[in-house]
Amino acid sequence: MALGFTALLLLGTLGTGWGTRLSPSLTASPLCAAAGAQPVLSQPQSVLVQPGQSARLWCTLSPQYNISHFGISWYQQRPGRSLTYLLYYNSERDKHKPARTPDRFSATKDLASNACILTIAAACQDDNGTYYCALSPALRWL
């Protein structure tokens with residue numbers, strides 16, 4: 001099963017100053033149907049981040065499921081470009097980030113909130129795009 005959401009990170013002028021506006025919208029794409037309710041990922045409607053500050057994208061799992069039983073993969077799609085894999089996170093011992101993903105991108109889990117959080121340190125113009133998170137059973141990277 002895999003579910004995800006999109007978050008559009010816009011860098012530009014907001015009001016009187018420069019800012020980053022994060023506007024997510026929910027999407028789902030299950031690979032197989034289960035007998036019970038399907039897991040759902042969600043996040044707040046919008047977040048404002050100034051350039052140079054950290055952006056935090058929350059991927060919150062529906063409460064009948066436990067985020068500790070799943071890994072989360074994060075993807076980025078820049079305007080006019082194809083989807084790019086950023087990283088996978090399940091725990092500090094079970095994670096994967098390819099060399100091409102900048103060190104500014106990291107993830108962690110908040111077990112109390114049943115969420116995985118993608119952090120983009122020092123947000124900049126290159127971070128403009130749509131971000132997806134995908135739920136999967138925990139993997140082990142060798």
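User: What makes strand β6 count as mostly covered?

Analyst: In this predicted model, strand β6 runs over residues 70-77, and 6 of its 8 residues are buried. Phenylalanine 70 serves as an example, because its relative accessibility of 10% lies under the 20% limit and the residue therefore counts as buried.

User: How do you know that β6 and strand β7 pair, and in which sense?

Analyst: DSSP has to find at least two bridges between two strands before they are called paired, and β6 and β7 (residues 83-89) share 6 bridges in the antiparallel sense, so the pairing criterion is met. One of the bridge partners can be named: glutamine 76 is matched with threonine 84 in β7. The hairpin of these strands has 5 residues between them, and there glycine 80 takes a positive phi near 75 degrees.

User: Which residues touch the most other members of the largest nonpolar core?

Analyst: That core holds 22 residues, and Ile72, Trp74, Leu87 and Leu118 are the ones that touch the most other members. At least two residues come from each of β5 (55-61), β6, β7, β9, β10 and β11, with β5 giving the most, namely 4 residues. Leaving aside residues up to four places away in sequence, leucine 118 has contacts that include Leu57, Trp74, Leu86, Leu87, Phe105 and Tyr131.

User: Why is the pair of tyrosine 65 and phenylalanine 70 called edge-to-face?

Analyst: The whole structure contains 2 aromatic pairs. In the pair of tyrosine 65 and phenylalanine 70, the ring centres are 6.3 Å apart, which is within the 6.5 Å limit, and the planes stand at 70 degrees, which is over 60, so the pair is edge-to-face.

User: Why is the contact between glutamate 92 and lysine 95 called a salt bridge?

Analyst: The N to O distance between these side chains is 2.8 Å, and the limit is within 4 Å, so the contact qualifies as a salt bridge. Glutamate 92 counts as exposed because its 51% relative accessibility is over 50%, whereas lysine 95, with a relative accessible area of 42%, is partly exposed.

User: What parts does the salt bridge of aspartate 127 and arginine 104 tie together?

Analyst: The structure holds 2 salt bridges, and in this one the side chains of aspartate 127 and arginine 104 meet at 2.8 Å, N to O. Aspartate 127 lies in the loop between β10 and β11, and arginine 104 in the loop between β8 (95-96) and β9, so the pair ties together parts that are 23 residues apart in sequence. Aspartate 127 is buried because its relative accessibility is 0%, under the 20% limit, while arginine 104 is partly exposed at 24%.

User: What makes the phi of asparagine 114 worth a remark?

Analyst: Most residues other than glycine have a negative phi. Asparagine 114 is not a glycine, yet its phi is positive, at about 55 degrees. Its place is the loop between β9 (105-110) and β10 (115-120), and it counts as buried because 11% relative accessibility is under 20%.

User: How do you know that alanine 122 is partly exposed, and where is it found?

Analyst: Alanine 122 has a relative accessibility of 37%, and this value falls between the limits of 20% and 50%, so the residue counts as partly exposed. Alanine 122 is found in the loop between β10 and β11 (129-137), and its phi, near 50 degrees, is likewise a positive value in a residue other than glycine.

Definitions and conventions
Residues numbered from 1 in each chain as written. Predicted model: local features only at pLDDT ≥ 70, side-chain atom pairs only at ≥ 80, totals over all residues. Heavy atoms only, no water. Buried < 20%, exposed > 50% of the residue type's maximum accessible area, 1.4 Å probe, protein only. Core = buried A, V, L, I, M, F, W, Y, C linked by side-chain atoms within 4.5 Å. Contact = heavy atoms within 4.5 Å. Phe/Tyr/Trp six-rings, centres within 6.5 Å; stacked < 30°, edge-to-face > 60°.
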